[in-house]
Each structure stands twice: as structure tokens, then as C-alpha cells.
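Here's a quick walk through the fold, the core and the greasy surface of this one. Have a look at the sequence and structure first.

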Amino acid sequence: GASNMIEGNMLGNTMVAGHWLWMLVVAIIVVIPTWRICQRVGYPGILGVLILIPLVNLAFLYFLAFADWPCNKRGD
């Protein structure tokens, strides 16, 4: 009856909230080291957020791997 619908809906909302919480945790785990890598090679740390965008993240990794790093140009 009606009580089953309410319970099912509450469970669904909890799972959606859990999904977003998990996505946030994964985002933090991935963005922090990418942010630091960007800073260490001489790019703005905010570029680390690009790692969250599908396909852009792959292009970004190739860019980081093969680009001339600003830190190498200034002789660090």
C-alpha cells in the first residue's frame, strides 16, 4: 500500500544522496593530486579540475605528459 511507496521513495533518495557523496569523494581524491601536479610543473592548480570532465581528462593527461612545462623553462 501507501507505506511501501513511502519507504521505497526514502530508500531511493538515500541511494541518490549516497551516489553524490561517493562522486564528491572520488572527485576530491582525483582533483587534489592533479591540482598539485599542475602547480609543480608550473601551471595553475585550477587546471586539475579538468580531470573530472570525460574525454577532456584524457586530452589533459596527454597535454601534461608531452607539453613543455613552465617550470623547466625558468630553470627550476
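Among contacts in the protein chain (heavy atoms within 4.5 Å) between residues at least 6 apart in sequence, 32% link residues at least 24 apart. Keep in mind that this is a predicted model: local features need pLDDT of at least 70, side-chain atom pairs count only at pLDDT 80 or more, and totals for chains, interfaces and linings use all residues. Residues are numbered from 1 along each chain as its sequence is written, and side-chain values use heavy atoms, with hydrogens and water left out.

Here are the chain-wide numbers.

| Feature of the protein chain | Value |
|---|---|
| Helices (DSSP runs of H or I, at least four residues) | three |
| Strands (DSSP runs of E, at least two residues) | zero |
| Buried residues (under 20% relative accessible area, 1.4 Å probe, protein chains only) | 17% of 76 residues |
| Exposed area (Shrake-Rupley method, 1.4 Å probe) | about 6,000 Å² |

Along the sequence, the pattern reads α-α-α.

Now for the inside. The largest nonpolar core (buried Ala, Val, Leu, Ile, Met, Phe, Trp, Tyr and Cys joined through side-chain atoms within 4.5 Å) has eight residues: V31, C38, V41, Y43, I51, F60, L64 and C71. Helices α1 and α2 (56-66) each give two or more residues to this core, and α1 brings the largest share, with three. Beyond its neighbours within four places in sequence, V31 touches G48, V49, I51 and L52.

What about I32: buried or exposed? I32, in helix α1 (residues 2-41), is exposed (over 50%), because its relative accessible area is 52%.
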